[in-house]
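This briefing goes through the cysteines, the sheets and some of the helix packing of one protein model. Please keep the sequence and the coordinates at hand while reading.

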Amino acid sequence: MTILIPSAILTPTGITTEHAVAFEETIVAVAPADELKARFPDAEILEAEKPTLLMPGLINAHVHLEFSANKTTLKYGNFLTWLYSVIEERDTLINACGRECLDRTIAMMLDNGITAFGAISSHGLDLEAAAAAPQKVVFFNEVIGSQAAMADALYTDFLQRLDNSKTVERPGFFPAVAIHSPYSVHPALIKRALRVARDEHLVTTAHYLESPAEREWLDRNEGEFKPFFQELLKQEYAVNDAAGFLELFAETPTLMTHVVQAQPQELEALSQGGHTVIHCPVSNRLLGNGAIDLDALEAHELPWLTGTDGLSSNYALDLFEEMKIALFLHSETPLLPLARRLLNSVTVDAARALRLNCGEIAEGKAADMLWVELDHTPSDDTPLHLLLQRYPLRQIFIDGISRKG
């Protein structure tokens, strides 16, 4: 048993003081330090002289690991420009990111306080590294392919990768299902993959309405995507429209990533369907997709999380950085309430969406925690300062085991 005595604890509603945490693999109790010491007299005591904050470990709900070799290879500024560069450099980047590269990327996330993540796996090349990661991992096996003639082969490949992920036997690793996007997956393939997800009670995710090009292609079969599909896939029409795509998920609440170009009727449909939005502000900016309207999500009572996306469209897998960027990106939203919502979006809300027993400093939750060194006495403004300043992480705990410090 360990008793950690911080200056304050970050909760979903703010900052609480004068409490400590007793934990093993899970959090056993949250109470005043003297009460915990009396209850657990043989416990190891952790306390710092300087001000500290105890907060939940961060949860990165959406990350692609397989292109982690990218730094300056891919082209930014426009979604189609980026996509063409991905296709051109795909083999080079995948071959350049073997196990050492993947392990380094996972370690980067851990160093940045990410104690759980949702990995979107297109090819299964990251399975071994994700299985060995110290973090909790929701491993999303992705299905992609818009041509009906290829549906059977692609579905078979998807099932094989899903079965491979099910062979991982360690606590904290959870196979899951990803549908790439409305423009890239045939509805017959979507239906079959979602049936598997429902039958096996697997978490699902998808990209949805990320770019202006996707919006125009789904609505009118026009725009920048038209020559892309004509030249590469000999395809004249989108295989889904925006509304029809959501109808396929009517019985499957899903984590819908990006949603930048969604209109009010789609936001309402997402809300009514019990879906959750994943906001990736840096990726959206680098690919020229615009900024999501967080106030509109709130107005539709649509829950949202914050994710980094992958290093193919980001310069770091750092949720503290991502949240800070979001503070400035959403300049019309009041600052301190936004900081609190952003922190919840990578802790308690992300845990709920990914069905993980963590994300909160509360009895019975996994002891996934960050012990943060501060330069001030904790106050109601500390959630904002956490995002504006880069405070050192004194220790990082996953299931009660220290991974740093």
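The structure holds one disulfide. The model is predicted, and the values below are computed from it. After the cysteines come two open sheets, one of four strands and one of eight strands. The last topics are a helix lying across strands of the eight-stranded sheet, a packed pair of helices, and Leu342 in helix α14.

**Cysteines**

- In general terms, a disulfide is a covalent link between two cysteines through their sulfur atoms.
- Here the bond is between Cys97 and Cys101, with a sulfur-to-sulfur distance of 2.1 Å.
- Because the torsion about the S-S bond of Cys97 and Cys101 is about -85 degrees, the disulfide is left-handed.
- Both ends are buried: Cys97 has a relative accessible area of 7%, and Cys101 has a relative accessibility of 5%.
- Cys280 takes part in no disulfide, and the nearest cysteine sulfur to it, in Cys358, is 18 Å away.
- Why is the sulfur of Cys358 without a bond to that of Cys280? The closest cysteine sulfur to that of Cys358 is the one in Cys280, and the 18 Å between them is too far for a bond.
- Cys280 counts as buried at 0% relative accessibility, and Cys358 counts as buried at 2%.

**Four-stranded sheet**

- The strand order of this open sheet is β5-β4-β1-β6, and its pairing is mixed.
- β5 (27–31) and β6 (44–47) are at the edges; each has a single partner strand, so one side of each has no neighbour in the sheet.
- With direction ignored, neighbouring strands of this sheet are turned against each other by 20 degrees on average.
- β1 (residues 2–5) pairs with β4 (residues 20–23) in the antiparallel sense, over three bridges.
- One contribution to this pairing comes from Ile3, whose bridge partner in β4 is Ala22.
- β1 also pairs with β6, here in the parallel sense and over four bridges.
- Which residue of β6 is the bridge partner of Leu4? The partner is Leu46.
- The side chains of β1 go two ways: Thr2 and Leu4 point one way, while Ile3 and Ile5 point the other way. Are these residues buried or exposed? All four are buried.

**Eight-stranded sheet**

- The second open sheet has the order β8-β9-β10-β11-β12-β13-β14-β15, and its pairing is parallel.
- Its edge strands are β8 (58–63) and β15 (304–306), and each of them pairs on one side only.
- From one strand to the next, the twist averages 25 degrees.
- Within this sheet, β13 (residues 255–258) and β14 (residues 276–279) pair in the parallel sense over three bridges.
- In that pair of strands, Leu255 stands opposite Thr276 of β14.
- Helix α5 (residues 151–166) lies across three strands, β9 (114–121), β10 (136–143) and β11 (173–179).
- The angle at which α5 runs to β10 is about 165 degrees.

**Helices α13 and α14**

- Helix α13 (residues 319–329) packs against helix α14 (residues 335–345) at an angle of about 145 degrees. Their axes are 10 Å apart.
- The crossing of α13 and α14 is right-handed.
- From α13 the contact takes Met323, Ala326 and Leu327, and from α14 it takes Leu335, Leu338, Ala339, Leu342 and Leu343.
- How many residues of each class make the contact of α13 with α14? There are eight nonpolar residues, no polar ones and no charged ones.

**Leu342**

- Leu342 belongs to helix α14 and is part of the contact with α13.
- The relative accessibility of Leu342 is 0%, so Leu342 counts as buried.
- Apart from neighbours within four places in sequence, Leu342 is in contact with Trp304, Thr306, Met323, Ala326, Leu327 and Leu387.
- Between Leu342 and Glu322 there is a sequence separation of 20 residues and a C-alpha to C-alpha distance of 9.4 Å.

Key: Residues numbered from 1 in each chain as written. Predicted model: local features only at pLDDT ≥ 70, side-chain atom pairs only at ≥ 80, totals over all residues. Heavy atoms only, no water. Pairing = 2+ DSSP bridges. Axes fitted to C-alpha atoms, helices over the stretch in contact; angles between N-to-C directions. Contact = heavy atoms within 4.5 Å. Buried < 20%, exposed > 50% of the residue type's maximum accessible area, 1.4 Å probe, protein only. Left-handed = near helix turned anticlockwise from the far one by under 90°. Nonpolar A, V, L, I, M, F, W, Y, C, P; charged D, E, K, R; others polar. Disulfide = S-S within 2.5 Å.
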